[in-house]
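Welcome! Here is a short briefing to help you find your way around a protein you have not met before. Take a look at the picture first, and then read on.

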Amino acid sequence: MINFLQKAPETVEISTSERREFLTQGDRIVVLGVATGRVKATNKTFEDHFVFSITVRNGKVSNIREYIDTQALARASQMDASGLA
């Protein structure tokens, strides 16, 4: 996973990232948003709707989970049958 995160800027370009909604209840925060970008190898764009689930305990972040639209990124990463984007 660390290797993927280190190489992500080499392969994916994020154009915008917009947090659209924040929901809170007790020590939980849920952030809904959308990011747009481009896969460099294919030059195809994508729109990734995401959710962050954050837990805060004693004033510190104790857990973060990220849920992303992996299908949007997979579609933008696909080459056509000839191997071209």
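A good place to begin is the pairing of strand β2 with strand β3 (residues 44-57), which is antiparallel and runs over twelve bridges. Please keep in mind that this is a predicted model. The protein as a whole has two helices and four strands, and they follow the pattern α-β-β-β-β-α along the sequence.

**Strands and hairpins**

- Within the β2 and β3 pairing, I29 has I54 in β3 as its bridge partner.
- Four residues lie between β2 and β3, and the two strands form a hairpin.
- Strand β2 (residues 28-39) also pairs with strand β1 (residues 12-25); these two run antiparallel and are joined by twelve bridges.
- To see one of the places where β1 meets β2, look for V12, which stands opposite V39 in β2.
- β1 and β2 make a hairpin as well, here with two residues between the strands.
- In the turn of that hairpin, G26 has a positive phi of about 60 degrees.

**Two asparagines with a positive phi**

- As background, most residues other than glycine have a negative phi.
- N43 is not a glycine, yet its phi is positive, near 65 degrees.
- You will find N43 in the loop between β2 and β3, where it is exposed, with a relative accessible area of 52%.
- N58 is another residue that has a positive phi without being a glycine, with a value of about 55 degrees.
- N58 sits in the loop between β3 and β4 (60-67).
- With a relative accessibility of 82%, N58 counts as exposed.

**Salt bridges**

- How many salt bridges does the structure hold? There are three.
- E13 and R38 form a salt bridge through their side chains, at 3.3 Å from N to O.
- This pair links distant parts of the chain, since E13 belongs to strand β1 and R38 to strand β2, 25 residues apart.
- E13 is partly exposed, at a relative accessible area of 34%.
- E18 and R20 also form a salt bridge, and their closest N and O atoms are 3.5 Å apart.
- Of these partners, E18 is partly exposed, with a relative accessible area of 42%, while R20 is exposed, at 54%.
- D27 and R57 make a salt bridge too, with 3.2 Å between the closest N and O atoms.
- Because D27 lies in the loop between β1 and β2 and R57 in strand β3, the pair ties together parts that are 30 residues apart in sequence.
- D27 counts as partly exposed, with 31% relative accessibility.

**An aromatic pair**

- Which kind of arrangement do F50 and F52 adopt? A search of the whole structure finds one aromatic pair, and in this pair F50 and F52 are edge-to-face.
- Their ring centres are 5.4 Å apart, and the planes make an angle of 70 degrees.
- The angle counts as edge-to-face because it is over 60 degrees.
- Is F50 buried or exposed? F50 is buried, at 6% relative accessibility.
- F52, by contrast, is partly exposed, with a relative accessible area of 23%.

**The nonpolar core and the contacts around it**

- Which residues make up the largest nonpolar core? The five members are V12, V39, F46, A72 and A76.
- V12 and V39 have already come up as residues that stand opposite each other, so you can look for them again here.
- A72 touches F46 and E47, if its neighbours within four places in sequence are left aside.
- F46 therefore appears twice, as a core member and as a contact of A72.

**The protein as a whole**

- The protein has 85 residues, and buried residues make up 19% of them.
- Among the contacts with a separation of 6 or more, 36% are between residues 24 or more positions apart.
- The protein exposes about 6,400 Å², and carbon and sulfur atoms supply 53% of that area.

Methods. Residues numbered from 1 in each chain as written. Predicted model: local features only at pLDDT ≥ 70, side-chain atom pairs only at ≥ 80, totals over all residues. Heavy atoms only, no water. Phe/Tyr/Trp six-rings, centres within 6.5 Å; stacked < 30°, edge-to-face > 60°. Buried < 20%, exposed > 50% of the residue type's maximum accessible area, 1.4 Å probe, protein only. Pairing = 2+ DSSP bridges. Salt bridge = Lys/Arg side-chain N within 4 Å of Asp/Glu carboxyl O. Core = buried A, V, L, I, M, F, W, Y, C linked by side-chain atoms within 4.5 Å. Contact = heavy atoms within 4.5 Å. Areas by Shrake-Rupley, 256 points an atom, 1.4 Å probe, with all protein chains shown as cover.
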